[in-house]
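The following exercises are meant to be worked through with the sequence and the coordinates open side by side. Each one sets a task and then gives a solution in steps.

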Amino acid sequence: MAEKTSIRSKVQKFGSFLSSMIMPNIGAFIAWGIITAIFAGVTAYYGEGTSPADAVSFLEAMVSPMITYLLPLLIAFTGGRMLHDFRGGVVGATAAMGVIAATDVPMFIGAMVMGPLGGYLIKKVDQALDGKVKQGFEMLVNNFSAGILAAILACFGSLAVAPLVSGLTTVMGLGAETIIGWGLLPLASIFIEPAKVMFLNNAINHGILTPISIDQVRETGKSIFYLLEANPGPGFGVLLAFMIFGKGASKASSYGAGLIHFVGGIHEIYFPYVLMKPLMFLAVIFGGMTGVFVFSSLDVGLVSPASPGSILPIIGLAYPGDRINVLLGVLAATAVSFAIASLILKLDRKGEDDIAEATGKMEAMKGKKSKVSSSLTASEATKTNTNSYAHVNKIVFACDAGMGSSAMGASIMRDRVKKANLDTEVTNTSISNIPDDADLVITHKDLTDRAKSKKGDAIHVSVDNFMNSPRYNEIIEELKNSQADTPEASEGSSGGQKAKEDIQKIIFACDAGMGSSAMGASILKNKVKKADLDVAVSNTSISNIPDDADVVVTHKDLTERAKSKQPNAEHISVENFMNSPKYDELIDRLK
């Protein structure tokens, strides 16, 4: 079982990494799709050469550059930044320019290769140079090391990577056309629908289907692949069945879940209902197949990714003239899924649905221990670690994409924290971006192992359902008790002077993050080294102060901006980065 769990976790992690390069840039994809759709719609309605079509001809001039340059560069920058902040993003985007310029094919896959590669390599270069650059030469070395590496990677991408990716893109396009031509596309639901419930939904949609769809949109103006995962019909059909034929808690919660899923577009909300009764996989699979069959038969598609997968963006982003037919496909998927799910519920004689039993089934299906006691024991162990709660200043809800279910859970917890009058920050993010200053991480229990591997020193709490978990009340009680017992626990978050054992990372910050802050960091780094202290010293811009900064050193004119960016750190203001008596004072405190 351990091996299966490891494989599943690795697949989720890889898929999440791919989707994490696409999802932050979905707004740009939608903008490009809207521009393409408006021009195509006006031209199709009035015809080429007409006054209305000529009036919007400026839109046509934006379509090709956006898909050829803007979108791949955004993806590459995001991929590089994920590995090494802005330097990684800049090197990754520049490296991607090599594959972009070498071919006429939109280089989305090339960007997803070169962006992370550039970020990874510049990170290794910076690590190799750390502590070896003489004082005063930091900016020179930083800029030229990034520039030289980016130039080398751009050439490498143009000569070696571009031909491979171009060939792969062509093969993928031919494969997609063949599948559609043979009428086999509905069979994709056999894989897509179960994979969605296994928390691979964002990886499938944005990591696999979106790059395939782009080439279709470029050729025909729309793509059916945007609808394969985003279609809310299969999940909504299951929730409708629970609304009518469900029992107990599952019936009561299905109404709100249906609204959140169908209109809000957060598909994760229906996953527990499917996992509660594994036969429900048949409902979503056949519902998905029906939807794809209708979409294929009516030759419809979207002009850009529908994210979130709500009925509103799906209809809004449908190709001009396809909106009614897209809606028919969604309704057909809903009807078939509802019919099968209703039959399953009506034939079920077990009575009220047991969430504990569903937990065991879920673990068994996902290759984890099926004993409910294992997860409950883990939760109890977490709860009894009361002393840790005294230091909980930041609670992070994490899911695969960091937008849907985790955002809802964070909203609920934020409200309870406010009502309890607790001084605790609550936020949400993706698993891959859990911040270093997270004290307590809340995840769906199928994602907890990945969260622990990302942030092992935090308290981890697993839940079955982000929308309604008894763990939330338990956490609030633990925080109340801990803060009551140790009122000084939250003093470190005031921005006041920290104890020396709490200082592990010192950040020098200036407006650009390169000049004066780099020199100041170099001076203090030498003092730290001479004092034989185990403290990290680095520099960055005000806007990029990391969450795990313990002490932030800034020019006095920038301190307020730094405090607003990182209020939990101790802030030291100086008049001159090159010569400040506060450096020696700080060293004396740390000894």
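Residues 24 or more positions apart account for 72% of the contacts in the protein chain with a separation of 6 or more, a contact being heavy atoms within 4.5 Å. The model is predicted, so that local features need pLDDT of at least 70 and side-chain atom pairs count only at pLDDT 80 or more, while totals for chains, interfaces and linings use all residues. Residues are numbered from 1 along each chain as its sequence is written, and side-chain values use heavy atoms, with hydrogens and water left out.

**Exercise 1. Take stock of the chain and its cores.**
Find how many helices and strands the protein chain has, and which residues of its largest nonpolar core touch the most other members.

Solution. Begin with the secondary structure, which comes to 23 helices and eight strands; these are DSSP runs numbered from the N terminus, helices being H or I of at least four residues and strands E of at least two. Next, take burial: of the 591 residues of the protein chain, 51% count as buried, where buried means under 20% relative accessible area, exposed over 50% and partly exposed in between, with a 1.4 Å probe and protein chains only. A nonpolar core is a set of buried Ala, Val, Leu, Ile, Met, Phe, Trp, Tyr and Cys residues joined through side-chain atoms within 4.5 Å. In the largest one, which has 86 residues, Trp32, Ile75, Val238, Val274 and Met280 touch the most other members. Helix α4 (residues 57–101) gives the largest share of this core, twelve residues. Apart from it lies another core of 21 residues, among them Cys399 and Phe466. Finally, leaving aside residues up to four places away in sequence, isoleucine 75 touches Met21, Ile22, Asn25, Phe29, Phe108, Ala111 and Met112.

**Exercise 2. Order the strands of the four-stranded sheet.**
Determine the order of the four strands in the open sheet, and which of them are the edge strands.

Solution. Two strands pair if DSSP finds at least two bridges between them. On that basis the order is β2-β1-β3-β4, with parallel pairing, and the edge strands, each pairing on one side only, are β2 (425–430) and β4 (459–463). Neighbouring strands of this sheet are turned by 25 degrees against each other on average, direction ignored. Within the sheet, β1 (residues 394–399) and β3 (residues 440–444) pair over four bridges, and alanine 398 has threonine 443 of β3 as its bridge partner. Across β1, β2 and β3 lies helix α18 (residues 405–419), which runs at about 175 degrees to β2; axes are lines fitted to C-alpha atoms, for helices over the stretch in contact, and angles run from 0 to 180 degrees between N-to-C directions.

**Exercise 3. Follow strand β5 to its partners.**
Identify the strands to which β5 is joined, and the residues that phenylalanine 508 faces there.

Solution. Strand β5 (residues 505–510) is mostly covered, five of its six residues being buried. Six bridges join β5 to the parallel strand β6 (residues 536–541), where asparagine 539 stands opposite phenylalanine 508. Four bridges join β5 to β7 (residues 551–555), also in parallel, and there the bridge partner of phenylalanine 508 is valine 553.

**Exercise 4. Classify a glutamate.**
Decide why glutamate 570 counts as buried or exposed.

Solution. Glutamate 570 lies in strand β8 (residues 570–574), and it counts as buried because its relative accessibility is 5%.
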